[in-house]
Amino acid sequence: MKLQRMNRRALALGALAVSGALALTACGSDDTGTSSGGSSAAAKPGSIKCDDAQGQLLADGSSAQKNAIDAWVKQFTAACQGTQINYKGGGSGAGVTAFTQGQVAFAGSDSALKPDEVTASKKTCSGGQGIDLPMVGGPIAVGVNVNGIDSLVLDASTLAKIFNNEITNWNDPAIAKLNPEAKLPDLKIQAFHRSDDSGTTDNFTKYLMATAKKDWPYDGGKTWQAKGGQSASGSSGVAQQVKQTNGAIGYFELSYAKDGLTTVDLDTGAAQPVKATVENATKAISEAKVVGTGKDLALELNYGTKAESAYPMVLVTYEIVCDKGNKAETLPATKAFLRYIASEEGQKILAEADYAPIPADIISQVRTTIEGLS
């Protein structure tokens, strides 16, 4: 068992390395999960049940979960060698559109389907509709690249003003007050946001709306609404721009906050600022409530929590699939893959890849729902 856990971790980290190398080419051929030179350990990834899974699965959506999908695909396709999975990771908006137009077997979105999107999905899901299955959790990290600064605390109000172009320099008094020991430079802030419709943007701005409404006068959604700033496509694109720009700040999932980026600690009103970690995100996600109806498992997150060690700037990525009316040729592979990623084994990979597993009571409902897909 110890060796098996080590192998799984190695595979997960290997997948992350591939994903990082493809950061600006999310549609690259390696996303099929059929990378060459797979290790022998991947050929025996545990209790994955392939059933009748065959052929190619096309999927698109959330770039937030792409590193997790990459790790899962390597494991799954090593066991189920008759299946290929091509997850483009073009953003939540692109994924939902592709799903409602019948172009993909499933989509990933960091926001639950809206009523008009459910209606649109009924044209694709013969006799059914699209439903939300929460599968991936994790913190939205705020990454900064400021020479000489390796630790930084910000609160919701200051974040809102930075991303709304009202605080424009790193030695601003509001930042200095939160970081009395830091030597903040007289340097212009370069704020980066998503250029594509993004569930990460939706959840990031939901946090600001819930905790700093006075300083964030927008109504939220997948499309960036604030003034100023610079944009990049996908979480990988934002992370790359922050990494290469002194004075930069941006938001993306923790799995993208690598190689020299400092992640911001949040002053939430708790006794101590809260770090962006998987454990702290899990604590916040554990306060979520299922608000979907029927087989839909959409969640309501508590962005305003002030619980100790709870990191509230979180997102949950949903896999969107038809409850009924899935295409016969892709249904076996879709169910097999979703069954694996919702399994205990699949969820364990998340923590190894800087994501948060879905709480036990919620993921058990997800597993039951997957078995009933038709």
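## An aromatic cluster, helix H7 and the spaces around them

Phe163, Phe204, Trp216, Tyr218, Trp224 and Tyr251 together make up one aromatic cluster, where rings of Phe, Tyr and Trp (its six-membered ring) are paired if their centres lie within 6.5 Å, with planes under 30 degrees apart counted as stacked, over 60 as edge-to-face and the rest as tilted. Under that rule the count is 10 aromatic pairs. The model is a predicted one, in which local features need pLDDT of at least 70 and side-chain atom pairs count only at pLDDT 80 or more, while totals for chains, interfaces and linings use all residues. Residues are numbered from 1 along each chain as its sequence is written, and side-chain values use heavy atoms, with hydrogens and water left out.

The chain as a whole contains 12 helices and 13 strands, these being DSSP runs numbered from the N terminus (helices H or I, at least four residues; strands E, at least two). Of its 374 residues, 57% are buried, a term that stands for under 20% relative accessible area, with exposed meaning over 50% and partly exposed in between (1.4 Å probe, protein chains only). Among contacts (heavy atoms within 4.5 Å) with a separation of 6 or more, 76% link residues 24 or more positions apart.

Helix H7 spans residues 199-211, and two of its residues can be followed in detail. Threonine 201, which belongs to H7, is buried because its relative accessible area is 1%. Its side chain is joined to that of tyrosine 251 by a polar contact of 2.5 Å, that is, a pair of N or O atoms within 3.5 Å, of which, within protein, one must be able to donate a hydrogen and the other to accept it, residues adjacent in sequence counting only if both atoms are side-chain atoms. Tyrosine 251 is also a member of the aromatic cluster. With neighbours within four places in sequence set aside, threonine 201 is in contact with Arg194, Gly221, Lys222, Thr223, Trp224 and Tyr251.

Aspartate 202 also lies in H7, and it counts as buried because its relative accessibility is 3%. Its side chain makes a polar contact of 2.4 Å with the side chain of serine 111. Apart from residues up to four places away in sequence, aspartate 202 touches Ser111, Lys114, Gly221 and Lys222.

Serine 111 leads on to the largest pocket, since Ser111, Ala112, Leu113, Lys206 and Ala298 are the residues nearest the centre of that pocket, out of 24 that line it. On a 1 Å grid over the protein atoms alone, a pocket is an open set of points with protein on both sides within 12 Å along at least five of seven lines, whereas a cavity is a set where a 1.4 Å probe fits but cannot get out, and lining residues have an atom within 4 Å of a point. The largest pocket holds about 340 Å³ of space, a volume being the space filled by probe spheres set on grid points that are joined across faces, edges and corners. At least two lining residues come from each of helix H4 (115-121), strand S4 (130-145), H7, strand S12 (299-300) and strand S13 (314-322). By class, the lining comprises 12 nonpolar, five polar and seven charged residues, where Ala, Val, Leu, Ile, Met, Phe, Trp, Tyr, Cys and Pro count as nonpolar, Asp, Glu, Lys and Arg as charged, and the others, Gly among them, as polar.

There are also two cavities of 30 Å³ or more in the structure. The second largest has a volume of about 30 Å³, and its lining consists of Thr205, Trp216, Gly220, Gly221, Thr223, Trp224 and Gln225. Two of these lining residues are nonpolar, five are polar and none is charged. Trp216 and Trp224 belong to the aromatic cluster as well.

Several loop residues complete the picture. Serine 151, in the loop between S4 and strand S5 (153-155), counts as partly exposed because its relative accessibility is 41%. Serine 151 is 113 residues from valine 264 in sequence, yet the two are 7.1 Å apart in space, C-alpha to C-alpha. Aspartate 51, in the loop between helix H1 (2-21) and strand S1 (55-61), has a phi near 50 degrees, a positive value in a residue other than glycine. Asparagine 165, in the loop between helix H5 (156-163) and helix H6 (173-178), likewise has a positive phi, near 65 degrees.
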